[in-house]
Amino acid sequence: MEQAKIRKTIRKFSDLIERNKDRWAFSDYKEGINEGLEIAKDTFEENVEKFLSPIPEEDPATKVKSLQDRFNLIINTIVVHEKPNYSKDRLDGIYEGFEKSKKLFGECIREYYSSDTEP
């Protein structure tokens, strides 16, 4: 896997996450969404090689589905423990951020593999 393409994909996903954060998150829920998005971004960066490993015998649609499933599985296994300063709204927001990150990852990875098939 080309390191340049990996860095480009990390940057693309990171940009998507940043653009989807609420800049004026004045509630625990919205702050939680931002935190969930940030956790998902960090998780992707830490595990990028797993997501972008080549799967040459599969068509692009199957690759995208497989990678989306891998990302979803890792995100679904993240457990956020209650902290004294976390309200229920903030925890709910974090999990909503995880769900939002799954959609953003799908957008990112579809673009990644569609660029693989272009001349």
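Begin by selecting helix α1, residues 3–20 of this predicted model. The helix holds 18 residues, and the distance from its first C-alpha to its last is 26 Å, close to the 26 Å expected at 1.5 Å a residue.

Within α1, next highlight Ile6, Thr9, Phe13, Ser14, Leu16 and Ile17, which are the buried residues of this helix. Turn the view to look down the axis of α1: the buried residues fall within an arc of 155 degrees, so they line one face of the helix. The general geometry is helpful here: an α-helix has 3.6 residues a turn, so residues three or four places apart point the same way. Now select Lys8 and Arg19; these exposed residues are carried on the face of α1 turned away from its buried side.

Proceed to α2 (28–46) and display it together with helix α4, residues 60–76. How do the two helices cross? Their axes come within 11 Å and cross at roughly 125 degrees; α2 and α4 are therefore oblique to each other. The crossing in which α2 passes α4 is right-handed.

Finally, select Asn47, in the loop between α2 (28–46) and α3 (48–51). Is this loop residue, Asn47, buried or exposed? Asn47 counts as buried, because its relative accessibility is 15%, where the cut-off for buried is under 20%. To complete the view, add Thr43: the side chain of Asn47 reaches the backbone oxygen of Thr43 at 2.8 Å.

Terms used
Residues numbered from 1 in each chain as written. Predicted model: local features only at pLDDT ≥ 70, side-chain atom pairs only at ≥ 80, totals over all residues. Heavy atoms only, no water. Helix = DSSP H or I, 4+ residues; strand = E, 2+ residues; numbered from the N terminus. Buried < 20%, exposed > 50% of the residue type's maximum accessible area, 1.4 Å probe, protein only. Polar contact = N/O pair within 3.5 Å; in protein donor to acceptor, adjacent residues only side chain to side chain. Expected span 1.5 Å × (residues − 1). Arc of directions from axis to C-beta. Axes fitted to C-alpha atoms, helices over the stretch in contact; angles between N-to-C directions. Parallel < 35°, antiparallel > 145°, perpendicular 65-115°, else oblique. Left-handed = near helix turned anticlockwise from the far one by under 90°.
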